[in-house]
Each structure stands twice: as C-alpha cells, then as structure tokens.
Amino acid sequence: QQNNYNTSINNPCLPRQCPLQLRPYVFACCEAEFMAIPIWVKPAEWLQTLKSFEGTVSVAQLPRVVECAVGSEEELAKYQFEVVLKFSEDSERKRWLTGAIQGHVPMTCQRCMDVVDVAVGSEFKLYIAWDEAAAERVADEVEVVVLDEDQRLYLHPVIEDEVLLSIPMVAKHEDCEAVVVFNDNDTPLTPNKPNALADLAKLLK
C-alpha cells in the first residue's frame, strides 16, 4: 500500500533539493511558501531536528482521494492541501502527532453533475504507537497511528484518512438545481420518492 504513494522526482508537487538538516525527512526546498510533505519520517529523529513545519501535498499524491475526485492526474496535481504537522512528547514520554489540513477536492455535484470543489478541513491529534501491542493498549482512549518495523511513520496515509473523513457523503454546490431528465414526449421525469410523513401516518394507524 505504501508503494502507491508517488515519490517521483518528476512530480510537480515535490521540490528538487533537500536542506541538509532535514534529510531525508523533507524532500526539498520549494520556491513557494510551503514545502512538500514527505512520504515518511522517523519521529524519534524528527523530534531532535525539526518538531513542526507547514507543507503541501496534492490530491494526485493520495490514491484513495483520487478515487473520489474527478480530473486528470495533471489537473489533480494542482489541487494542494495545506498541512501543518507538529510532533511532541508529553511528561509521560508519550509521543504525539498533531496536525491540521485544509484544501479542496474536485468532485461531481450530485445535483447538476458538474464539477464542484469540495472544501476539506480537519484537525487531529494522534498517539504514536511503536507497535501493534502498544496501539491496542490505548486504542479505546485515543486515536492511534502505528509505526512500521523500521520505526517510520507514513504521513501521506495519515493525511489521506483525515481528508476522507472530511469529505461529505454527497458532494453538491451550495445553490444549484437538480438535473431534469426528459422522456421522449418532452415530459420531465421525476424519481418516485417515498413520502416519509405518509409512511409515518400508516404506522400510527
């Protein structure tokens, strides 16, 4: 699953050079205000160098979000999520990943069937568990993210999860009319929707 995340140097969303103090955690400097979000980091080492930063990741870099979106890979690469991440350690030496995400996902409006840019926003705080056993001990109390066997935390899947949780069940423009379909006699076809009040009345009889 991790190999599905695009790390290609040709990807326009990724920078070209990496500052020495951030290698290998951030792929490079960017001329823009934000840096590209790395695929993975090692939290133990990250806490010794840079505890927080702001960065971007595109819709095109998140395979599961792409499945919900509409547009070519080139078009989806232009949709950037702004991401703020912070690593911290509390008095009990528990390590946390706190973050915030905002951006847009192009989807199909379920009313007019045109493209609508759906706003996405999320704030989260995740407990960093070193293995599955540690995760199970706190799973009922907090949200958990588990490191892999090399103690790496994959950030793109974390961002993906938060984006998917923020996407509405039905994408639609705030004010647009439903598409009207006509039959061969130029008569509009309307779906036969059940009358909830009528059904309730039947139950009360």
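Begin with the whole protein shown as a surface: its accessible surface comes to about 13,200 Å², and 48% of that belongs to carbon and sulfur atoms. The model is a predicted one. Of the 205 residues, 37% count as buried.

Next, change to a cartoon view. The protein has six helices and 10 strands. Among contacts between residues at least 6 apart in sequence, 52% join residues at least 24 apart.

**The largest nonpolar core**

Select Phe81, Phe87, Leu97, Val105, Leu153 and Val163. These are the residues with the most contacts inside the largest nonpolar core, which has 37 residues. Now colour the elements that give two or more residues to this core: α1 (43-49), β3 (52-58), β4 (80-89), β5 (95-108), β6 (115-129) and α5 (155-166). Which element gives the most to this core? The answer is β6, with six residues. Apart from this core lies another, of six residues, including Ala129, Ala134, Ala135 and Val138. As a general point, nonpolar side chains in soluble globular proteins tend to be buried together.

**Leu153 and its contacts**

Select Leu153 and show the side chains around this residue. Residues up to four places away in sequence being left aside, Leu153 touches Ile39, Trp40, Val41, Pro43, Phe87, Leu97, Val145, Leu147 and Val158.

**Strand β3 and its partner**

Move to β3. Five of the seven residues of β3 are buried, so this strand is largely enclosed by the rest of the structure. Display β4 beside β3: the two strands run antiparallel and are joined by seven bridges. To see one pair, select Ser52, which stands opposite Lys86 in β4.

**Helix α5**

Select α5, a helix of 12 residues. From its first C-alpha to its last, α5 reaches 17 Å, close to the 16 Å expected at 1.5 Å a residue. Which residues of α5 are buried? They are Leu155, His156, Pro157, Val158, Ile159, Glu160, Glu162 and Val163. One of them, Val158, also appears among the residues that Leu153 touches.

**The loop at Ser72**

Finally, select Ser72, in the loop between α2 (63-66) and α3 (73-76). Is Ser72 buried or partly exposed? Ser72 has a relative accessible area of 35% and is therefore partly exposed, since buried means under 20% and exposed over 50%. To end the tour, select Ala60 as well: Ser72 and Ala60 are 12 residues apart along the chain, and their C-alpha atoms are separated by 8.8 Å.

Conventions. Residues numbered from 1 in each chain as written. Predicted model: local features only at pLDDT ≥ 70, side-chain atom pairs only at ≥ 80, totals over all residues. Heavy atoms only, no water. Helix = DSSP H or I, 4+ residues; strand = E, 2+ residues; numbered from the N terminus. Buried < 20%, exposed > 50% of the residue type's maximum accessible area, 1.4 Å probe, protein only. Contact = heavy atoms within 4.5 Å. Areas by Shrake-Rupley, 256 points an atom, 1.4 Å probe, with all protein chains shown as cover. Core = buried A, V, L, I, M, F, W, Y, C linked by side-chain atoms within 4.5 Å. Pairing = 2+ DSSP bridges. Expected span 1.5 Å × (residues − 1).
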